[in-house]
Amino acid sequence: MSKLGNLGARLHRGEVGYDFVGNRKIWYGLSILITIVAIAGLAVRGLNMGIEFQGGAVFNTPKTTVSVSQAQEYAEEASGHDAIVQKLGSGDKATLRIQVAGIDTDQADKVSAQLAKDLGVAEKDVTGELVGPSWGEQIANKAWQGLGIFLVLVVIYLAIAFEWRMALAAFVALIHDITITVGVYALVGFEVTPGTVIGLLTILGYSLYDTVVVFDSLKEQTKDITKQTRWTYSDIANRSINSTLVRSVNTTVVALLPVAGLLFIGGGFLGAGMLNDISLSLFVGLAAGAYSSIFIATPLVADLKELEPQMKALKKRVLAKRAQATAHGPATDEPPGDEPEDAAPAVVGPRNQPASRGRGRGRPSGKRR
């Protein structure tokens, strides 16, 4: 068995583990800090909305040696509007994709002719496409509607399949993931396109999957939790995270590898800038989803659950019993229900044989009186 597989088995059996729930204040504070930075970036810099949402024209040039910054200057001088220039490809085969927002058909023809002159290429080789803002607005509205319906259905399903506390925790985790992803877009300055919206909707499924896996383990292990005095709800929640930790990490890594290839190799090294919009949202969202399912959702469920009177009473009983048993060594790492609380130990004689029956039962061996 590999080292990772051995670690996963030991985590599942409870032989080793990290106290995620016990250190939840650290993770709450880190999430709040990241969320504040994301919101600040969104408020200060805003989102770089693509031409599909603003309207304008897109120009594609043949291969050229003109730099991105120089082409951006040419486009802004020709149109009088801000321009976004992307380099497609690398080396001598590189072409340019120039987006200019807020221009109509007549202006687009003039800009195309001027760009061809400035770039030193034939006017017919510069292709232009006019995009209206209404199409992007329709995409955005449909996306918001889809997001709202998705969140409502998720909350209803989790409230029925598990309980409302888990539904609330999952909802908070999803909002956490979306906020961080959108904030990264604002800070990095990547263009927001319909592909970005599709990526945002996609990451919600991955984030929810990891969260439900932990919740299912937690539900199974806490069925008869009030019938024992060995573990608190937070203890069982922490065991559930550790038992599914390797599975969650493996799932996330396998999902991140192809997305990282699109973002860093396709979009960065090969110059396929059109891949950046969806790959960045997937990469950030998948990482944030894995983080929130482990460090946010389950600890939040434990906090909400231990507000219940029966869980408070259970915690007092557990702590009291641990204080009494301190001198007798630590409790064994077994989940509730594995062994009855009041079960008496088996009484055995020498060499693990039961006490002899018949004459003299209950008396010490030796001569009879």
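## A nonpolar surface patch

In this predicted model, a nonpolar patch on the surface is formed by L30, L33, I34, V37, L187 and V188, which together have about 460 Å² of accessible area. Two helices, α2 (24-44) and α7 (164-188), each contribute at least two residues to the patch. Helix α2 gives the largest share, with four residues. In a helix of this kind, residues three or four places apart point the same way, because an α-helix has 3.6 residues a turn.

Among the patch residues, V188 belongs to helix α7. V188 counts as partly exposed because its relative accessibility is 43%, a value that lies between the limits of 20% for buried and 50% for exposed.

## Overall composition

The protein chain contains 12 helices and six strands. Its length is 369 residues, of which 42% count as buried. The chain exposes about 21100 Å², and carbon and sulfur atoms supply 60% of that area.

Contacts within the chain often join parts that lie far apart in sequence: of those between residues at least 6 apart, 78% join residues at least 24 apart.

## Helix α7 and its end

Helix α7, which supplies part of the nonpolar patch, has 25 residues and spans 36 Å from its first C-alpha to its last, close to the 36 Å expected at 1.5 Å a residue. Just after α7, G189 adopts a positive phi of about 85°.

## Helix α11

Helix α11 covers residues 276-305, a total of 30 residues. From first to last C-alpha, α11 reaches 41 Å, close to the 44 Å expected at 1.5 Å a residue. The helix bends by about 45° at S292. Most of α11 is covered, with 26 of its 30 residues buried.

What is the relative accessible area of T298? T298, located in α11, has a relative accessible area of 0% and is therefore buried. Apart from its neighbours within four places in sequence, T298 is in contact with V214, F215, L218, A237, I241 and S293.

## K305 and its surroundings

K305 is also part of helix α11. Is K305 buried or exposed? Its relative accessibility is 11%, so K305 counts as buried, since the limit for that class is under 20%.

Beyond its neighbours within four places in sequence, K305 is in contact with E163, R165, Y233 and M311. One of these partners, Y233, is 72 residues away along the chain, yet the C-alpha atoms of K305 and Y233 are separated by 7.5 Å.

## Salt bridges

Side chains of opposite charge can pair when their charged atoms come close. The structure holds nine salt bridges. In one of them, the side chains of R24 and D303 meet at 2.6 Å, N to O. This pair links distant parts of the chain, with R24 in helix α2 and D303 in helix α11, 279 residues apart. D303 has a relative accessible area of 23% and is therefore partly exposed. The pair thus connects α11 to α2, the helix that gives the largest share of the nonpolar patch.

A further salt bridge joins the side chains of K227 and D224 at 3.9 Å, N to O. K227 counts as exposed because its relative accessibility is 64%, whereas D224, with a relative accessible area of 40%, is partly exposed.

K315 forms a salt bridge with E306, and the closest N and O atoms of this pair are 3.9 Å apart. K315 counts as partly exposed, because its relative accessibility is 36%, while E306 has a relative accessible area of 13% and is therefore buried. Elsewhere, salt bridges that share partners join E163, R165, K305 and E308 into one network. Of these network members, E163 and R165 are also among the contacts of K305, the buried lysine of α11 described above.

Terms used:
Residues numbered from 1 in each chain as written. Predicted model: local features only at pLDDT ≥ 70, side-chain atom pairs only at ≥ 80, totals over all residues. Heavy atoms only, no water. Buried < 20%, exposed > 50% of the residue type's maximum accessible area, 1.4 Å probe, protein only. Contact = heavy atoms within 4.5 Å. Areas by Shrake-Rupley, 256 points an atom, 1.4 Å probe, with all protein chains shown as cover. Patch = residues over 30% accessible without salt bridge, like charges linked within 9 Å, V, L, I, M, F, W, Y side chains within 5 Å. Salt bridge = Lys/Arg side-chain N within 4 Å of Asp/Glu carboxyl O. Expected span 1.5 Å × (residues − 1). Bend = angle between axes of the 7 residues up to and from the residue.
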